[in-house]
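Trainee: I'm new to this one. Could you show me how to read a few features, starting with buried side chains and rings?

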Amino acid sequence: MHDQGGDTAKDTDRRIGRRTLLIGGATAAAAVGTALLAQDELKRMWWRLPSVEKPRKEGEVDFRGARWVAASSSNWRMADRPDDFGIDRVIIHVTQGSYESAVKVFQNPAHGAATHYIVRQDGRVTQMIRELDVAFHAGNRDFNERSVGIEHEGFVDRPKDFTDAMYEASARLTARICARYDIPVDRKHIIGHVEVPGTDHTDPGRYWDWDRYMPLVRRAHQTQV
């Protein structure tokens, strides 16, 4: 495009007008920006192509000290979080059984559900699904895609199952997750399974001590940031 009218029109064969430079520059910048956005999108989407998998290290964990025990691939979906789905929730579960039974169930492809982590009564942590992947744990697709799920060994109607070691280990784990994804440490973003819309679960139940747990998470979070 050339400038129109007055003396400027006479110069169009000899020089580029200022307006042309501005418009042309803006167009070029927009084109480059669009290309960069498209390139970034391709980088994030390439793993979804058939027969393509995001590179991973076998047995790698996201929480230092966790033991890796893989869940059945039928109980989670490969993803590239937080690039494809932002993570803004931690969901607290109770296994309604022993640690061993929870592992067995999560390794059963017919079960159709599993969490990222299990915290035992002695405070040991097992990771069964990578945080970048979507675990089928919340009973709500949107919440599955945006959350990390943590199971706790025990029964909802047995307060003695929720030990000091469990609370402290779980708080450190939740604090680390919140720090990694910049999740606010509050009850809006750290919730029980019962609080997920559409769920029919009641865990972690009335004996899970939120008034005790949240200060532990906040204290642990202060050491992460």
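Mentor: Sure, and keep in mind that this is a predicted model. For burial, look at the relative accessible area: Tyr167 comes out at 2%, so it is buried, since the cut-off is under 20%. Tyr213 is buried too, at 0%.

Trainee: How many aromatic pairs does a search of the whole structure find?

Mentor: The search gives 6 aromatic pairs. Take Tyr167 and Tyr213: their ring centres are 6.3 Å apart and the planes meet at 50 degrees, so we call the pair tilted. Tyr167 belongs to helix H4 (residues 164–181) and Tyr213 to helix H5 (residues 210–222), so this pair ties together parts 46 residues apart in sequence.

Trainee: What kind of pair do Trp208 and Trp210 form?

Mentor: That one is edge-to-face, with 70 degrees between the planes and 6.3 Å centre to centre. Trp208 is buried at 3%, and Trp210 counts as buried at 16%. Put Phe162, Tyr167, Trp208, Trp210 and Tyr213 together and you have one aromatic cluster.

Trainee: Now strands. Is E7 buried on one face or on both faces?

Mentor: Check each side in turn. Ser147, Gly149 and Glu151 are buried on one side of E7, and Val148, Ile150 and His152 are buried on the other, so to speak a strand covered on both faces.

Trainee: Which strands are joined to E7 by bridges?

Mentor: Strand E3 (residues 89–92) runs parallel to E7, joined by 4 bridges, and Val90 stands opposite Val148. Strand E4 (residues 117–119) is also parallel to E7, with 3 bridges; there, Tyr117 has Ile150 as its bridge partner.

How values were computed. Residues are numbered from 1 along each chain as its sequence is written. This is a predicted model: local features need pLDDT of at least 70, side-chain atom pairs count only at pLDDT 80 or more; totals for chains, interfaces and linings use all residues. Side-chain values use heavy atoms; hydrogens and water are left out. Buried means under 20% relative accessible area, exposed over 50%, partly exposed in between (1.4 Å probe, protein chains only). Helices (H or I, at least four residues) and strands (E, at least two) are DSSP runs, numbered from the N terminus. Two strands pair if DSSP finds at least two bridges between them. Rings of Phe, Tyr and Trp (its six-membered ring) pair if their centres lie within 6.5 Å; planes under 30 degrees apart count as stacked, over 60 as edge-to-face and the rest as tilted.
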